[in-house]
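Student: Could you go through a model with me and show how each label is earned? I'd like the cut-offs next to the values.

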Amino acid sequence: MHENLENTASTLATSPPPCPQCLDTNEPTPADTPTDAIPPHTHATNPLCHDAERDNTQLNLQLAQQCKKFTQAFDAIRNIATCNAIPDALHTLALTIARVVNCRFTFYDGPYLSQLGTCPTRPDLPDHNIATLAPSETLPLAQKFYDDHHDDLQKLLTDPQPFQATLIGYDDDTPDPPPGGCVLTIPLASDNHAHQHIGTLLFVRDDNQTPFLPLDVSLARSLADAAAAVIRSSLFAQKLPEAFLQTIVSLVRAVEAKDAYTSGHSTRVAQLACQLGRHIGIEEHQIQLLHWAGLMHDIGKIGIRDDVLRKPGKLTPEEFDHIKTHPVKSCKVLEPIKALTPILDAVRHHHEHWDGNGYPAGLAGNDIPPLARVLQVADVWDALTSTRSYRNAMSKEKALTVIRSMAGSTLDPILTQQFLHLMEDTNHEPH
């Protein structure tokens with residue numbers, strides 16, 4: 001069926017349309033009339049024929065475009081069916097619907113926010129951050145649209161109107177309103193029960209585009225239904241591993257409770273690592289690994305003495321050697337969980353330095369695992385912009401200067417440049 005749709009689209013877009021005007025007005029030709037006696041076809045001089053031909057061409061092109069959309073939808077269903085994790089299925093679904101319905105921006109809000117790449121659209125309202133699934137160069141435009149229409153978008157997120165297109169930003173009572181748009185709302189669930197809601201996708205066409213058509217809504221709904229089947233399978237397959245992960249997350253929180261200054265550190269590192277990973281084009285299944293590694297990279301600090309963790313002054317050489325054991329301790333905690341085997345290298349080596357002067361193994365350059373390098377940048381950034389027992393948080397500008405100075409010594413120089421580009425387009429407040 002896939003091939004038939006492609007052939008149909010190609011034929012419709014290239015074959016000449018019939019001329020209804022000429023077909024309706026030509027007189028029948030007797031069967032015995034010589035061929036050379038039949039007058040030449042004269043529709044080129046008929047303006048009505050021109051209009052009919054133009055209209056038919058436009059209709060055929062529109063139909064070809066719709067066939068192409070159906071082809072993309074079938075391809076997407078096949079791709080979603082190969083996903084092994086919920087974030088992968090969500091990301092594939094969101095990008096596919098965005099392409100099929102030709103939207104300007106895509107937003108997501110739900111329990112998989114950090115794995116999908118957060119855009120801190122409202123630093124003054126941290127609980128109202130959402131994921132923006134878009135190339136980094138469009139993030140400022142997406143952030144501005146979200147800021148301009150924050151109340152309308154939040155209403156659609158908290159009280160979604162399933163599979164409906166809603167116009168926003170066209171209030172005549174508002175003087176000089178910002179450019180509006182049309183928003184298609186796709187609430188997602190693992191099945192038909194609302195209590196298993198896994199988030200909401202918003203697809204936005206701005207005021208330079210036409211509103212969504214019923215066919216756009218229908219295609220989006222079909223794709224969302226297909227994704228729901230994959231998500232049901234993923235939830236079942238992940239039920240047991242996630243039980244272990246919840247135990248580990250509880251341990252992470254126990255570690256952070258030992259030091260009030262590091263509260264929330266692991267969550268922030270996980271979110272930023274995923275954002276950086278997606279910015280440099282890491283595959284989605286690796287983004288999930290980054291998320292887990294970020295959450296659990298410091299779990300070994302549960303075995304570090306409290307007096308060392310909370311010391312307000314400079315550490316002695318013995319105390320620093322004690323601190324440097326935490327990456328290995330983290331791996332020992334995680335090793336029994338088979339599902340976490342792929343993240344052990346990132347956790348173990350996130351304190352290695354590009355020049356080889358890090359720990360625990362003294363790895364250098366490209367010998368440092370790629371995910372460990374991404375994790376290290378996120379870890380260093382959060383440490384610089386967080387208040388610690390021994391210093392106050394740095395401003396964004398000062399932290400960027402420090403990060404820049406670490407390129408080629410502590411941090412991967414190419415990755416550092418990518419991170420600096422990312423932070424130029426991202427709002428960040430010290431904490």
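Tutor: Sure, let's take the labels one at a time.

Tutor: Some ground rules: this is a predicted model, where local features need pLDDT of at least 70, side-chain atom pairs count only at pLDDT 80 or more, and totals for chains, interfaces and linings use all residues. Residues are numbered from 1 along each chain as its sequence is written, and side-chain values use heavy atoms, with hydrogens and water left out.

Student: What makes D216 and R205 a salt bridge?

Tutor: The term asks for a side-chain nitrogen of Lys or Arg within 4 Å of a carboxyl oxygen of Asp or Glu. For D216 and R205 the N to O distance is 3.4 Å, so by that definition the pair qualifies. The structure has 12 salt bridges.

Student: Which parts of the chain does the pair of D216 and R205 tie together?

Tutor: D216 sits in helix α7 (residues 214–257) and R205 in strand β6 (residues 197–206), so the salt bridge ties together parts 11 residues apart in sequence. Helices (H or I, at least four residues) and strands (E, at least two) are DSSP runs, numbered from the N terminus. By that count the protein has 16 helices and six strands.

Student: Why does D216 count as buried or exposed?

Tutor: Buried means under 20% relative accessible area, exposed means over 50%, and partly exposed is in between (1.4 Å probe, protein chains only). D216 has 2% relative accessibility, so D216 is buried. R205, at 5%, is buried too. Of the 431 residues of the protein, 47% count as buried.

Student: What are the values for D307, R305 and E318?

Tutor: D307 has 45% relative accessibility and counts as partly exposed. R305 is at 34%, again partly exposed, and E318 is at 47%, also partly exposed.

Student: How do you know that R305, D307 and E318 form one network?

Tutor: Look at the partners. R305 meets D307 in a salt bridge at 3.2 Å, N to O, and R305 also meets E318 in one at 3.7 Å. Salt bridges that share partners join R305, D307 and E318 into one network.

Student: Now the rings: why is the pair of F105 and F107 called stacked, tilted or edge-to-face?

Tutor: Rings of Phe, Tyr and Trp (its six-membered ring) pair if their centres lie within 6.5 Å; planes under 30 degrees apart count as stacked, over 60 as edge-to-face and the rest as tilted. The search of the whole structure finds five aromatic pairs. For F105 and F107 the centres are 6.4 Å apart and the planes are at 35°, so the pair is tilted. Both F105 and F107 are buried, and F105, F107, F145 and Y146 form one aromatic cluster.

Student: What makes a set of residues a nonpolar core?

Tutor: A nonpolar core is a set of buried Ala, Val, Leu, Ile, Met, Phe, Trp, Tyr and Cys residues joined through side-chain atoms within 4.5 Å. The largest one here has 44 residues, and those touching the most other members include L290, W381 and F419. Helix α14 (370–384) is among the helices that each supply at least two residues of this core, and α14 gives the largest share, eight residues. A second, separate core of 31 residues includes I86, V100, L113 and A224.
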